[in-house]
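Trainee: Got a minute to go through this model with me? I'd like to talk about charges.

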Amino acid sequence: MQEAANDAFVASIELLMASARTGTTPRIVYSDSQIAPTVASLPGDWSNEASNSDAFPTLVTTLLTGGPVVAFPPWGRSEGTKSQDFEAVQRIQPGPPGHLLLLVLPHSALASQAAHTLRISISTNWRVRAVISGRAGLKWISAHFAHTLILLDSSDAESGVLRMFDATQTRPEDSDRIVYDLRRLMRMPGGSTDFGFVLREPPPPGEPLISKLYDPRLVKRRHELADFGRVQHLGHLFDVLGNGPLPRDPGKTEPVPAHALGAKRIIGGRDILRNHEIAPVDESQRWALDGYPELFAGDIVLRALQATNSVDPGLVWARVTQKDMPVAAGPLVLILRPLATADRADIEFALRFISSDAALQLTDDIRLTPLTSKITAAALSRLRVPIPDAALKDALIGIEQARQRASAWSNEADEILADLFDYDSAAEARQRVIERSRLVRLRMKAVDDIETLGGQVRTQFPLPIAYRWRALEAARSHGNTRETYVAALDSAEQTLAFIANIGLALARELGHSLSAVDDIAGRLHRGQGTSMSDWCSAIDELAGKKFNALDTLISTPEFRDFCTDPTVKAARQDLLQRRNDEAHGRRVELMDLDDAVGEALNSLHTINRSLTFLLDSPLVVARNLQWDSIRQEGVLDYQMLSGDHSVVPVRQMPVALPTIEAGSIYLLDSKQTLHLVRPFLTGTNCQRCGTFSLFYVDQHRNQELTIKSLEHGHSIVATESHVQAVAAVGLLGIK
């Protein structure tokens with residue numbers, strides 16, 4: 001495996017030097033005898049020369065006047081410091097344009113504070129053409145060592161792009177893939193590959209040259225963190241505490257027996273497990289009386305040392321519980337103490353985030369990159385974490401409640417079964433099991449119902465869809481009759497009418513026009529009524545790129561997914577054709593009715609399955625708004641029109657706008673934003689049956705506009721104010 005990595009390293013150098021195109025063979029200069037085996041593996045016609053540290057800059061500068069140079073500069077440390085000394089590199093002078101210099105440096109040179117002066121010097125004197133990082137490429141050097149190839153040209157060379165490539169997280173067996181990907185990148189004028197990308201603008205002088213900071217894919221994902229709700233620093237949720245210097249009195253930190261009065265167990269990094277628990281006490285555990293930060297139940301402890309080559313690179317933390325007490329934090333342990341003002345759900349969400357690989361992958365703080373094995377409290381406090389919005393928070397709370405409830409139900413069932421034979425008689429056991437399991441069985445029935453598509457549609461979908469579905473289920477109870485077939489087509493037509501009118505309202509909110517509106521206006525002007533064809537055409541038009549902004553408007557791409565999905569479109573077309581056939585006397589023969597019902601139901605199921613986003617974006621009717629003009633906030637009384645019955649309880653929600661119309665219909669999206677759908681859909685009591693229903697535009701004859709109920713199909717005459725509203729949105733060609 002090491003040999004494969006070395007081959008990839010050599011191939012990378014050859015690819016980079018091939019970009020010189022000077023016709024001159026590269027020269028190699030190195031200063032450390034440990035590098036000699038690696039140099040020997042480079043092409044045999046490339047001459048090489050060893051040099052001591054003092055002569056290294058002069059030799060490289062001289063060779064650059066004649067052509068490209070591959071330089072392995074000294075990586076020694078300054079006397080009396082732990083920092084690597086890159087002074088020799090800074091003294092190298094650029095050669096003529098096109099005479100490239102390829103530096104082989106430790107990966108840490110890209111980001112460490114010690115190499116800041118080096119990066120300033122490079123930015124001032126050179127144009128960086130490529131930064132290529134990898135592991136395990138140098139012979140006789142640890143396979144964990146990360147190196148970087150920095151390709152430089154003279155600063156007065158023509159401007160160009162910077163290619164960045166990072167293969168530090170790959171395995172040695174990926175060497176062929178790495179070389180192939182780098183070859184692609186070196187040929188590309190722009191864009192990205194699996195491990196690299198082309199950067200149009202170089203980073204500011206002295207700034208870190210870490211690929212992850214500038215990768216456009218990661219930059220995009222960092223910005224998208226706010227899509228969860230918002231982004232905050234971790235320090236807004238926790239007091240982030242480091243372990244300060246130990247006290248001068250060594251007696252306070254000396255180990256004592258575990259049973260000693262006042263002794264506390266000292267938690268180290270190895271005691272913090274990835275399952276977020278503290279490891280059980282073992283014989284090697286250290287105990288002390290004082291000198292270490294005391295921990296309390298509810299504190300979060302986190303490993304300050306992170307393994308840079310871990311297959312699970314998220315931050316490792318554990319929650320301190322009462323059963324762990326008494327405990328204190330060891331020298332390499334950070335403490336996250338939740339702030340009293342922080343929301344519990346926000347804290348749990350942030351903790352899940354920092355334990356994911358995305359936390360370090362998406363950070364733009366160099367102090368939290370994989371290069372940094374030790375994390376400081378200050379850096380951790382500045383880590384940007386996403387905070388969920390209200391809808392996501394409710395969803396997560398619901399998930400957690402479901403998990404806890406499922407566990408409780410499982411325990412209850414276990415108890416019933418465990419007591420099965422503990423009664424005095426079989427008769428008593430039978431009766432007790434029936435009694436005790438009654439609620440359990442009711443729960444299962446409710447769960448089975450809501451987990452089926454039919455149960456969701458009937459109980460949770462918007463009123464018009466749920467009402468028509470109930471009628472369909474009633475018809476199906478008599479078998480695959482013509483009544484069932486027609487009920488399926490009725491359900492499909494009203495479902496599509498509902499979705500299309502929602503889409504027309506949303507498009508108007510965006511300020512976009514639809515030709516479907518003009519087509520409907522033309523039909524109404526000619527005295528014709530709206531039809532299923534109109535609704536299918538409107539939905540097809542909403543699938544166009546012009547309406548991409550709908551995704552952002554209602555905080556979900558699922559509405560447009562319904563419009564664009566080819567399978568769903570095929571289902572719409574199937575049901576439309578069947579509806580047209582029925583309307584024009586081409587009715588299904590009795591002998592084909594079973595197949596026709598089955599096919600129609602399959603198409604209807606396809607449509608309804610793609611509308612499950614309506615469970616999180618319900619239809620509501622606004623009832624009463626109490627607005628506080630001083631505080632600029634209000635409380636809205638509303639009814640959620642979900643399920644197959646129009647009589648539903650009144651609820652309340654906070655609103656930030658005083659323009660909510662009492663009596664109007666709104667779509668409430670997952671971010672609790674209201675979208676007016678009037679006059680495309682309007683809610684009122686039916687003049688014929690007295691039932692509250694949703695109505696859409698149906699016909700315009702004899703100077704009268706009729707609107708039709710989505711639920712039961714009754715048509716009524718629209719009020720004058722409604723006629724004016726319909727005309728204002730372009731559905732009627734009148735003033």
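Mentor: Sure, we'll go through salt bridges and then a loop residue.
Mentor: This is a predicted model, where local features need pLDDT of at least 70, side-chain atom pairs count only at pLDDT 80 or more, and totals for chains, interfaces and linings use all residues. Residues are numbered from 1 along each chain as its sequence is written, and side-chain values use heavy atoms, with hydrogens and water left out.

Trainee: How many salt bridges does a search of the whole structure find?
Mentor: The search finds 32, a salt bridge being a side-chain nitrogen of Lys or Arg within 4 Å of a carboxyl oxygen of Asp or Glu.

Trainee: Okay, which side chain does Arg-572 meet in a salt bridge?
Mentor: Arg-572 pairs with Asp-540, at 2.9 Å from N to O. That links distant parts of the chain, 32 residues apart: Arg-572 is in helix H22 (residues 566-583) and Asp-540 in helix H19 (residues 532-542). Helices here are DSSP runs of H or I, at least four residues, numbered from the N terminus.

Trainee: And is Arg-572 buried or exposed?
Mentor: Arg-572 is buried, at 0% relative accessibility, while Asp-540 is partly exposed at 25%. Buried means under 20% relative accessible area, exposed over 50%, and partly exposed in between, using a 1.4 Å probe and protein chains only.

Trainee: New topic: what does Gly-191 touch?
Mentor: Not counting residues up to four places away in sequence, Gly-191 touches Phe-197 and Val-198, where contact means heavy atoms within 4.5 Å. Gly-191 counts as partly exposed, because its relative accessibility is 40%.

Technical notes
Helices (H or I, at least four residues) and strands (E, at least two) are DSSP runs, numbered from the N terminus.
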